[in-house]
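Please keep the sequence and the model open side by side while reading. The paragraphs below move from one residue outward to the sheet, the cysteines and the pocket.

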Amino acid sequence: MSYNEKFLREAINLSIENVKNGTGGPFGAVIVKNGEIISTGVNRVTTNNDPTAHAEIEAIRSACSKLNNFLLKDCEIYSSCEPCPMCLSAIYWAHIDKIYYANTREDAEKINFSDNLIYKEINLPPPDRTIPAEQYLRNEGLKAFELWENSENKISY
């Protein structure tokens, strides 16, 4: 696997067309396996009224569906912009091998797509975040984890 300009150009073209069509933000993504595009995605946050409908997430969902697998090993993702924390997490969860991107998160911030708050928040203790989190009923919650740990039918991921 190595960088291929045509795939990054495709991600960029998808982002441009998405803006021109008025169907979402200026972001596009392409997932490649064995030198072939297996899925694409564009930002559909406002179209779908879904804050998770980022280009990378859309491409990951499509690739997983197409490959009938929740793991995208031996795949690369080409994105028109450096992935946000949510998309970066999804890329890691999907086990994608490599990320290539055009615009940086600083470029995105200049047009009011800032991920800085989230990057800062992740490092704070849950109660100190802008959206505070409180923990309750841990012992009851751990029952599901114990069942999972002892399950013979689990599929690890």
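Leaving aside its neighbours within four places in sequence, with which residues is Ala11 in contact? In this predicted model, the residues that Ala11 touches, once those sequence neighbours are set aside, are Gly28, Ala29, Val30, Tyr78, Ser79 and Ser80. Ala11 itself belongs to helix H1, which covers residues 5–21, and it counts as buried, because its relative accessibility is 0%. One of these contacts can be followed through the backbone as well, since the C-alpha atoms of Ala11 and Val30 are separated by 5.6 Å, although the two residues lie 19 residues apart along the chain.

The sheet is the next thing to trace. It is an open sheet of 4 strands in the order E2-E1-E3-E4, and its pairing is mixed. Strand E2 (36–42) and strand E4 (98–103) stand at the edges with a single partner strand each, so one side of each has no neighbour in the sheet. From one strand to the next, the twist averages 15°.

Strand E1 can be taken pair by pair. E1 runs antiparallel to E2, to which it is joined by 6 bridges, and within this pair Ala29 stands opposite Gly41 of E2. The two strands form a hairpin with 2 residues between them, and Asn34, in the turn, has a positive phi of about 55°. E1 also pairs with E3 in the antiparallel sense, here over 5 bridges, and Val30 stands opposite Tyr78 in E3. E1 is mostly covered, with 5 of its 6 residues buried.

The parallel part of the mixed pairing is found between strand E3 (residues 75–81) and E4, which are joined over 5 bridges. Within that pair, Ser79 has Tyr101 of E4 as its bridge partner. Helix H3 (residues 55–67) packs on the sheet, where it touches strand E1 (28–33), E2 and E3, and its direction makes about 140° with that of E2.

The cysteines deserve a separate look. A search of the whole structure finds 0 disulfides. Cys81 is accordingly in no disulfide, and the nearest cysteine sulfur, which belongs to Cys84, is 9.1 Å away; Cys81 is also buried, with a relative accessible area of 4%. Why is there no bond between Cys87 and Cys84? The sulfur of Cys87 has its closest cysteine sulfur in Cys84, but the separation of 3.7 Å is too far for a bond, because a disulfide calls for sulfur atoms within 2.5 Å. Cys87 counts as buried too, at 0% relative accessibility.

Cys84 leads on to the largest pocket, whose volume is about 390 Å³. Of the 21 residues that line this pocket, those closest to its centre are Phe27, His54, Cys84, Phe113 and Asp115. The elements that give two or more residues to the lining are helix H2 (45–48), H3, helix H4 (85–94) and helix H6 (116–122). Among these, H4 gives the most, with 3 residues. Helix H3 therefore appears twice in this account, since it packs on the sheet and also gives two or more residues to the lining of the largest pocket.

Definitions and conventions. Residues numbered from 1 in each chain as written. Predicted model: local features only at pLDDT ≥ 70, side-chain atom pairs only at ≥ 80, totals over all residues. Heavy atoms only, no water. Pairing = 2+ DSSP bridges. Axes fitted to C-alpha atoms, helices over the stretch in contact; angles between N-to-C directions. Contact = heavy atoms within 4.5 Å. Buried < 20%, exposed > 50% of the residue type's maximum accessible area, 1.4 Å probe, protein only. 1 Å grid on protein atoms, 1.4 Å probe; cavity = no way out; pocket = protein on both sides within 12 Å on 5 of 7 lines; lining within 4 Å. Points joined across faces, edges and corners; volume = space filled by probe spheres on them.
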